[in-house]
Amino acid sequence: MDRDELIFRARVGAVVAVWFGTFYAGADLWTRGATDLPSLQTPWDEMLPFWPGFAVLYLTVTPFLCLPLLVIPDRLGIKLLATTLMVLTAIGALIFVLFPVAGPIVPPGPHPASFRLADWINLDQNNLPSLHVALTLTTFLAMRPSLGRAQAPVAIWAALVVLSTLVTRQHDLASVAAGAILAALGHWAIAPVLRRVLQGRA
């Protein structure tokens with residue numbers, strides 16, 4: 001990979017990061033004063049174990065989302081995934097603002113530093129859909145054809161990231177399911193449209 005390609009991929013990653021931060025933090029700020037939010041907690045959520053140590057896996061979502069910059073071989077694939085993630089982030093933020101819901105109840109501490117960091121990064125209001133899940137699954141589906149023999153370990157990594165959202169009480173089952181649905185929408189409905197648009201501009 002030459003210098004120009006490295007710069008291109010770094011710029012794409014930076015644009016997606018700024019876009020995500022703007023929409024995610026903006027939605028949280030917009031709904032911060034909301035009260036009496038409906039809860040989506042179910043008896044099944046209460047049966048799940050609480051493993052705050054899994055926050056370490058929760059935090060690996062950032063390197064996971066950066067992995068395609070090293071794996072996907074062509075610029076069109078990089079642009080397509082980046083654009084898809086940005087669209088999904090905007091959709092998620094719109095849902096956060098229009099239909100805010102209460103997040104899961106976190107058992108009292110003390111908690112490890114990794115959990116406190118994950119809980120802080122997750123903010124307070126952005127609960128459904130889980131963008132952690134949506135972006136992780138969308139990223140995996142996009143780079144799967146380029147993974148070769150690494151497909152299985154990367155799939156396990158993605159599964160552990162999804163699991164971590166539940167066992168650290170950052171999301172409940174409903175928001176994880178909503179995130180998975182958003183990922184499916186992104187990969188099989190939104191991305192094909194974006195591909196045609198990007199190919200038309202090439």
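With 202 residues, the chain would be expected to have a radius of gyration near 17 Å if it were a compact globule, and 17 Å is what it has, so the two agree. Keep in mind that this is a predicted model. Put a box around the C-alpha atoms along the principal axes and you get roughly 50 × 35 × 25 Å.

What is the chain built from? Helices: there are 10 of them, and 0 strands. Reading from the N terminus, the order is simply α-α-α-α-α-α-α-α-α-α. Take the contacts with a separation of 6 or more, and 92% of them are between residues 24 or more positions apart.

On to the inside and the outside. Of the 202 residues, 41% count as buried. The accessible surface comes to about 10,700 Å², and carbon and sulfur atoms make up 70% of that. As for charge, the chain carries 13 positive and 11 negative charges, and their mean positions sit 13 Å apart.

Now for a closer look at one helix. H7 covers residues 113-121, and Ser114, Phe115 and Ala118 are buried there. Looking down the axis of H7, these buried residues fall within an arc of 100°, so they line one face of the helix. That fits the usual helix geometry: with 3.6 residues a turn, residues three or four places apart in an α-helix point the same way. And what covers the buried residues of H7? Helix H3 (55-59) is included in that cover.

The backbone has a few spots worth checking on screen, starting just after H7, where leucine 123 takes a positive phi. Further along, in the loop between H7 and helix H8 (131-143), you'll find proline 129. A cis peptide bond joins this proline to leucine 128. Then there's arginine 169, which has a positive phi although it is not a glycine.

Here are the backbone angles together:

| Residue or bond | Angle |
|---|---|
| Leucine 123 | phi about 60° |
| Leucine 128–proline 129 | omega about 5° |
| Arginine 169 | phi about 60° |

Where does arginine 169 sit? It is in the loop between helix H9 (151-167) and helix H10 (173-201). Is arginine 169 buried or exposed? Its relative accessible area is 11%, and buried means under 20%, so arginine 169 counts as buried.

Methods:
Residues numbered from 1 in each chain as written. Predicted model: local features only at pLDDT ≥ 70, side-chain atom pairs only at ≥ 80, totals over all residues. Heavy atoms only, no water. Helix = DSSP H or I, 4+ residues; strand = E, 2+ residues; numbered from the N terminus. Rg over C-alpha atoms; globule rule 2.2 N^0.38 Å. Buried < 20%, exposed > 50% of the residue type's maximum accessible area, 1.4 Å probe, protein only. Contact = heavy atoms within 4.5 Å. Areas by Shrake-Rupley, 256 points an atom, 1.4 Å probe, with all protein chains shown as cover. Lys, Arg positive; Asp, Glu negative; His and termini not counted. Charge placed at Lys NZ, Arg CZ, Asp CG, Glu CD. Arc of directions from axis to C-beta.
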